[in-house]
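Reader: I am new to this structure and would like a careful look at one part of it. Could you take me through the place where the two chains meet?

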Amino acid sequence: MAAKQSKFLIGALLIVGAVGYLIYTSIQETKVYYFTIDEFLLNQETLANTDVRVAGRVQDGSIQWDPAALTLTFRLMPIEPGTIPVGALPPGVAVSYQGILPDMFAEGRDVIVEGLYTPDQQLVASTIMTSCPSKYEPEIEKRLQAS
Amino acid sequence: MTHLGTLALYLASVLAVYAIVTSLWGVRTRRTAWIASGTQAAYAVGGCVVVASIVLLHALLTRDFNVEYVASYSSSTLPLHYTVAAFWGGQKGSLLFWTLIHCFFTAIVLFQNRTRNQELMPYVTATLMTIALFFLGLLCFITPPFERLSFIPDEGSDLNPLLQNYWMTIHPPALYLGFISASVPFAFALAALATGKLGDVWIRTTRRWALTSWFFLSLGNLLGGRWAYEVLGWGGYWAWDPVENAAIMPWFTATAYLHSVMIQEKKDMLKVWNMTLVILTFVLTIFGTFLTRSGVISSVHSFTQSGLGPYFLTFLAFILVVSIGLLLYRLPDLKSENEFDSLLSREAAFLFNNLILVGLAFATFWGTIFPILSEWVRGVKITVGPPFFNQVNGPLGVMLLFLTGVGPIIAWRRASWSSLRRQFTIPLVVGLALGSLLFVLGYRNYYAVVIFSLAGFVLAGILAEFSRGTRARQVMLHESPPQALGRLVGKNPRRYGGYIVHVGVVLIFFGVAGALFTIEKQITVSTEQSFEVGRYTLLYTGITERDDAHIAAQVATVRVLVDGQQIDTMHPEKRFYKKQNQPTTEVDIRPTLVEDLYLVLGSYDEPSGLATFQVFINPLVSWIWIGGLILILGTCVIMAPNPAERQALALARASADIRGQAVAE
């Protein structure tokens, strides 16, 4: 009897082991560090050749978009100016991207950029998510706050 | 008018407290009058919530923009059906909607059991009312839906454009129905634990509820995928976004439960496991709601960050403490003397299928909360995206697909070699033949070859079951083939309905595997310029503008040619929703059984006339929706009135009564 039940135990352990193994290795292979732009700028020397996800704001006047070649470059800036002393860090990071612009992408928007940080200090984006925090926040509330 | 709504919500809260107290007090003091009074109060809670819902709907339909919710989620130009959908389009309204459905289900449960399960019912009422009370508390004190503004805006800020889609009007309700109906089996599970009536009465009583919950969870996920596919415009239907994960996790555990419960019915085993799955499914529905509403994890679905997180966490902790406490208390009574007989048995297949399903739920959970975990443990936020989930859940899904083929045709208890040979020869031959054929045809994507072969294996097994059963009836009862098939299914709807559901699931797998062959292209063209994607030639002929009070749109015209012959014209759009000041993408999809041509107008540059397109060729996507329809059909068959099941329930009740009397004596 015990031998029969232990067969089940071995089968179960094999499955549990497989799940654990898949989770562990997949996290190692696909993990992406998530930073706010400030954290990213503070640590950027150590981040060359890593996959990162950075939340920041699109700098005014920095967007260069070539609709024919579908290439985009812009600078990602801290969201709240003043958290880092001026001149202490390089001002933001250059982002390059190839593809269709997300609907909500514009100057001054808060975005999350995911991509590879190259040794030449460029963030080569694979995805740009426009996560304006006020996206789902109704206009009314803003008007209320303003008044 | 809105004061009435607020009043109704307060009254409902008071009544819910009353229902909880009197139900439990009635059990304690063995006074049925108290219990009956608690039941009446529970119905009354539902009545109050109906009143509050009508008030909110009235405010939306009369466009009372002084009400903050109405001003925030609708506008004077919003079409009628979306105005109704705005009821669940925002945080506050969706919580009220949630409470409404919960009360509706509660009323059905109370009515169904007005003369039955009298020992269990007080606890069921108390549990369901506790859940209602939590949501009512939020509605009264944290997110009051009838709050008024200090001024009257001339116009509302409109429903989010992404929500203005017909799938969106039915996808959240479907998912809510699935989430909320999971609370019924949970309430009965707690009642069984509390009373010690741990036999299979509670399981048989809630079987249909568990199935209903599973059905709506399936439907909600499918519709959500459909919505994402049509509206979000990134070419896919599933992105392992935290909120999608929140919706699929309870589906995994509910699916596991529907299988493992059969082992309890047949062999009186896995009682603790089943109890755990029911509790876990319910906990995951609340966890899912928490994920959506707390803003702890960023997601495209997130509602405005609200202070709801802590309340949900507290409620989750409360549920877990009560459920685990009761479970541990009754643990000695849940032991089973039976054992599994053989690894080559249906029990084993179900057991392993359960482990894989729970593994899928766990992996999904782990990946979803990993950013929070890693921040706690290591101080760095590490996220994992779709690649993680595909890498983990893909192989687990393939294993599950294999077991889907094994489970229905392997014998219970112990399969003999001769029965294995009889049952498995055809499916294995079909699967292997299909695999070899694909290999010979030059398919070298082994993942896809394995999935397609397994799909053949599973389908052949199911078809063989149907044909064997039909032929037996034809020979023995001299019925015509359609008659034999109809009666075969009618005599055992649970079994054959389950097979039909399996067919649906296999087709969904088949459709999902098509994603391994997706082609994507991005290109910028000028008017009258054409480009090639796959076997299609697309000719862009220009943009027309459309403008009304609600939406301004740029509509591209693209001719679709194959081998120089025009087969279709497509019109992807770029829309601008005026009230929300938001541009959106309106894709055009040309579905066929083989592949979908999915066309996105990425951008349009007015001065140069250049249009940028993103084109996807998504093979086999249609089979996901077809599989979904078959799944719905199968579930309807399972739900069909079933005399055998009713008999089993009556028998279970009778034997429970006899046992109860024996104990009393």
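Author: What follows describes the contact between the chains, beginning with how the model is to be read.

This is a predicted model, in which local features need pLDDT of at least 70 and side-chain atom pairs count only at pLDDT 80 or more, while totals for chains, interfaces and linings use all residues. Residues are numbered from 1 along each chain as its sequence is written, and chains are lettered from A and ligands numbered from 1 in the order in which they are written.

Counting two residues as in contact if their C-beta atoms, placed from the backbone, lie within 7 Å, the contact draws 48 residues from chain B and 33 residues from chain A. On the side of chain B that touches chain A, at least two residues each come from several helices and strands, including α3 (68–73), α14 (346–378), β1 (381–383) and α15 (386–406); helices (H or I, at least four residues) and strands (E, at least two) are DSSP runs, numbered from the N terminus. The most is given by α14(B), with 11 residues. By kind, this side of chain B divides into 26 nonpolar, 18 polar and 4 charged residues, where Ala, Val, Leu, Ile, Met, Phe, Trp, Tyr, Cys and Pro count as nonpolar, Asp, Glu, Lys and Arg as charged, and the others, Gly among them, as polar.

The chains are also joined strand to strand: β1 (residues 32–36) of chain A runs antiparallel to β1(B), with 3 bridges between them, and two strands pair if DSSP finds at least two bridges between them. Within this pairing, Lys381(B) of β1(B) has Tyr34(A) opposite.
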